[in-house]
Amino acid sequence: MTSSLRIALLQMHIEVGQPEANFAKLSRMLEEAVAGPGKPDVIVFPEMWNTGYALTEINELADPEGERTKAYISAFSLKHGVYVVAGSIAEQKADGVYNTIFAFDREGREIGDYSKIHLFRLMEEEKYLAAGDKLGQLQIEGHQAGMMICYDIRFPELSRKLALEGAKLLFVPAEWPHPRLHHWRTLLTARAIENQMYVIACNRTGTSGETSFFGHSMVLDPWGETIVEGGEEEAILYADIDLSLVDSVRAKIPVFEDRRPKLY
């Protein structure tokens, strides 16, 4: 079981309501991410990268059953032998539009999906999107991992549930805006420290209407220390992680053994 992984985060600007432009941008960044000498093992995208928050048009723009996205990412994963946690997209299903992550292994096989369960009322998600109803779980090189999306990080119960079920790393695609950079950093750090896990968070950049997004994608280790953090511009960020550190931290400070869930 491989414990060392190289992560690439595609911190990209998203054109609202323009799936074709976003697919083209993503394609360019993906090819760049795998072109260098330090090829990543896992590539991660931001939230709603295919459409952005074009919620009033989302029924027309959403990817039916995610088929276009899944076909493209599956082929890319297989061609380059990489895992892809494909951010999240607007996915059209029979009962509504979902904000959904799809993940693929090195052979191009779909290994996990997750639809956002906490809808963000400040952006009126609940008026246009349907909420998911299951945990986001997958395995990377035999290691259990979890998936959450943006607003989900404000709910510590969710990340703790994933950790209790064995997750050693947590993927968080997001569209987290100004002025809440302090919240972003603090919540992600807390999720890493309290669950003694790696947190891999990929945020978008640019503007959407009157809302601006600050990037600052980051990878945090199980001590809550920052391995890499982006700025506010488009960028591909890389981080090398070693999942054996999770076991070491959990043994040193045995939080999970010391829990008293009968009292809370």
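**Figure 1. Q196, a buried loop residue with positive phi.** At 2% relative accessibility, Q196 counts as buried in this predicted model, since the cut-off for that class is under 20% relative accessible area. Q196 sits in the loop between α6 and β11. The phi angle of Q196 is positive, near 50°, although the residue is not a glycine.

**Figure 2. E124, a partly exposed loop residue with positive phi.** E124 is found in the loop between β7 (110-115) and α4 (125-128). Phi is positive here too, at about 60°, in a residue that is not a glycine. With a relative accessible area of 33%, E124 is classed as partly exposed.

**Figure 3. Strand β10 and its cover.** The strand β10 spans residues 169-174, and 6 of its 6 residues are buried, so the strand is largely enclosed by the rest of the structure. Both faces are covered. One side carries the buried residues L169, F171 and P173, and the other carries L170, V172 and A174, likewise buried.

**Figure 4. Pairing of β9 with β10, and the crossover through α5.** Strand β9 (residues 143-147) pairs with β10 in the parallel sense, over 3 bridges. Within this pairing, A145 has L169 of β10 as its bridge partner. Between the two strands the chain passes through helix α5 (residues 156-164), giving a β-α-β crossover that is right-handed.

**Figure 5. Pairing of β10 with β11, and the crossover through α6.** Strand β11 (residues 198-203) runs parallel to β10, and 6 bridges join the two. L169 of β10 stands opposite Y198 in β11. The chain goes from β10 to β11 by way of helix α6 (residues 181-195), and this β-α-β crossover is right-handed. The loop between β10 and α6 contains P179. The peptide bond that joins H178 and P179 is cis, with omega at about 5°.

**Figure 6. The buried side of helix α5.** Which residues of α5 are buried? They are L158, S159, L162 and A163. These residues cover an arc of only 135° around the axis, which puts them on the same side of α5. An α-helix has 3.6 residues a turn, so residues three or four places apart point the same way. After the helix comes G166, which has a positive phi near 110°.

**Figure 7. Helix α7, with a buried side and an exposed face.** In α7 (residues 244-252), the residues V246, V249 and R250 are buried. Their arc around the axis is only 95°, which places them on the same side of α7. The face turned away from this buried side carries A251 and K252, both exposed. The elements that cover the buried residues of α7 include the helices α5, α6 and α8 (255-258), together with the strands β11 and β16 (235-242).

**Figure 8. S208 in strand β12.** S208 belongs to β12, which covers residues 205-208. Its relative accessibility is 17%, so S208 counts as buried; the class takes in values under 20%. Leaving aside residues up to four places away in sequence, S208 touches V16 and F213.

**Figure 9. The whole protein, as context for the close-up views.** The secondary structure comes to 8 helices and 16 strands. Taken along the principal axes, the C-alpha atoms fill a box of roughly 50 × 45 × 35 Å. For 264 residues, a compact globule would have a radius of gyration near 18 Å, and the 17 Å of the protein agrees with that. Of the 264 residues, 54% count as buried. Among contacts with a separation of 6 or more, 68% are accounted for by residues 24 or more positions apart. The accessible surface comes to about 11100 Å², and 50% of it belongs to carbon and sulfur atoms.

Conventions:
Residues are numbered from 1 along each chain as its sequence is written. This is a predicted model: local features need pLDDT of at least 70, side-chain atom pairs count only at pLDDT 80 or more; totals for chains, interfaces and linings use all residues. Side-chain values use heavy atoms; hydrogens and water are left out. Buried means under 20% relative accessible area, exposed over 50%, partly exposed in between (1.4 Å probe, protein chains only). Helices (H or I, at least four residues) and strands (E, at least two) are DSSP runs, numbered from the N terminus. Two strands pair if DSSP finds at least two bridges between them. A crossover is right-handed if, with the strands pointing away from the viewer, the path from the first strand over the helix to the second runs clockwise. The radius of gyration is taken over C-alpha atoms; the globule rule is 2.2 Å times the number of residues to the power 0.38. Contact means heavy atoms within 4.5 Å. Accessible areas come from the Shrake-Rupley method with a 1.4 Å probe; for residues, only the protein chains shown count as cover. The arc is that of the directions from the helix axis to the C-beta atoms.
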